[in-house]
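Biologist: I am new to this model and would like a close look at one part of it. Could you take me through it slowly, once it is in front of us?

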Amino acid sequence: MSKKMNGLAMLGFDTIGWIEKDIPAIGPMDALCKPLAISPCTSDVHTVWERALGNRHNLILGHEACAEVVEVGSLVKDFKPGDRVIIPAITPDWEAVESQAGYSQHSYGMLNGWKFSNVKDGVFADYFHVNQADGNLAHLPKEISVEDAVMLSDMIPTGFHGANLAEVEYGDTVAVVGIGPVGLMAVAGSVLRGAGRVFGVGSRQICQDAAKFYGATDLINYRDGNIVSQILDATGGKPVDKVILAGGELDTFEQAVRMVKPGGIVSNINYLGTGDFIRIPRVEWGLGMGHIRIIGGLMPGGRKNMEFLARLMVHGRLDVSPLLTHRFHNFKDADEALLLMKDKPSDLIKPVVSLY
Ligand code: NDP
Ligand code: ZN
């Protein structure tokens, strides 16, 4: 095998391109994988075009993939070359104290479970390295296509994490602000947890149609005016139980606090790529005493989460096909797919590149 590979990298701020790098070496607990399908994420857009992580010069992008195992380390127990696997975007260090405390996303430091396209090369390459293969890979069930499986890397676990952080209960009224692929999965997760009424906030028709498909009962277009008054008008002035933030800018926090009930939860899964401070309205926050919780989280990675979420697809409880609006079949189209994700044309929800 040649020791070199190609990958789609951030060359500098606002610039992407293909570069050649060494194929990564693996340790005894790790795996080397080659992608079967990949998808660009809005987070890659934050990284390259919003400069959210600083200049990651020549860092290979991408953290959403389904893959085949090429090589495993000597201590790997459950995976072997040739296995088809689901790759979580977040691949924690499972021995870390933070992981043992339930926050594997932050193993050895804030957001450090996020390794692909952040602190090491990502998955938009001929090959990529997976740390702690037994803890971070999951076998791909034969019922799930490689394209659908890519949605298990990030979109499903992130959206569902939003619903989990919001602690959605039977009958809850939930406002999901942002109905791109992440928000759509937050709608789906909220519905599966038993939400009674779900507002989906977004402007593009294709996303509104998909939100309906996933169970949104009410659709709000933020371009039609203040979303707080639109939602409160629809509820007869009654605040919502939960808000999930999956799009928009920093002012969505202020809006969320203005529309949520005392004791409600504002759950943020949006990646805040720009700005410095978040404003919380003092009076609507109950003068600091309203028991309104504001929480934000990186999706949980690892094997168990992938296996459990995959069951929803295997048994027909979750269909991701409405998300996949643009399909490419040549690895070299990854850059075109990423540019689509940046430009968000009206007919786009999520592009996927499958390599067969
Ligand atoms: P998209 O850009 O596809 O979707 C964003 C949504 O927000 C769209 O529905 C858009 O509406 C809507 N929106 C835009 N502006 C406003 C506004 N002012 N008020 C209300 N809604 C608005 O993003 P994704 O779904 O791909 O990702 C969402 C976020 O999640 C990103 O920031 C991404 O980086 C982050 N993310 C976080 C992860 C985590 O672990 N927490 C993991 C993965 C992603 P429209 O386009 O219709 O006008
Ligand atoms: Zn992502």
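Is cysteine 207 buried or exposed, and what is its relative accessible area?

Modeller: This is a predicted model, in which local features need pLDDT of at least 70 and side-chain atom pairs count only at pLDDT 80 or more, while totals for chains, interfaces and linings use all residues. Residues are numbered from 1 along each chain as its sequence is written, chains are lettered from A and ligands numbered from 1 in the order in which they are written, and side-chain values use heavy atoms, with hydrogens and water left out.

Cysteine 207 is buried, with a relative accessible area of 3% (buried means under 20%, exposed over 50%, partly exposed in between, with a 1.4 Å probe and protein chains only). A search of the whole structure finds zero disulfides, a disulfide being a pair of cysteine sulfur atoms within 2.5 Å. Accordingly, cysteine 207 is in no disulfide, and the nearest cysteine sulfur, that of cysteine 41, is 14 Å away.

Cys41 has a partner of another kind: its SG, with His63 (NE2) and Asp154 (OD), is a protein donor of the zinc ion (ligand 2), these donors lying 1.7 to 2.2 Å from the ion. Donors are N, O and S atoms within 2.8 Å of the metal (3.2 Å for Na, K and Ca), and water is not among the atoms, so sites may look incomplete. Along the chain, the donors follow the spacing C-x21-H-x90-D. Histidine 63 lies in the loop between strand E4 (59-60) and strand E5 (65-72), and aspartate 154 in the loop between helix H4 (146-150) and helix H5 (155-165), so the pair ties together parts that are 91 residues apart in sequence. Helices (H or I, at least four residues) and strands (E, at least two) are DSSP runs, numbered from the N terminus. Both histidine 63 and aspartate 154 are buried.
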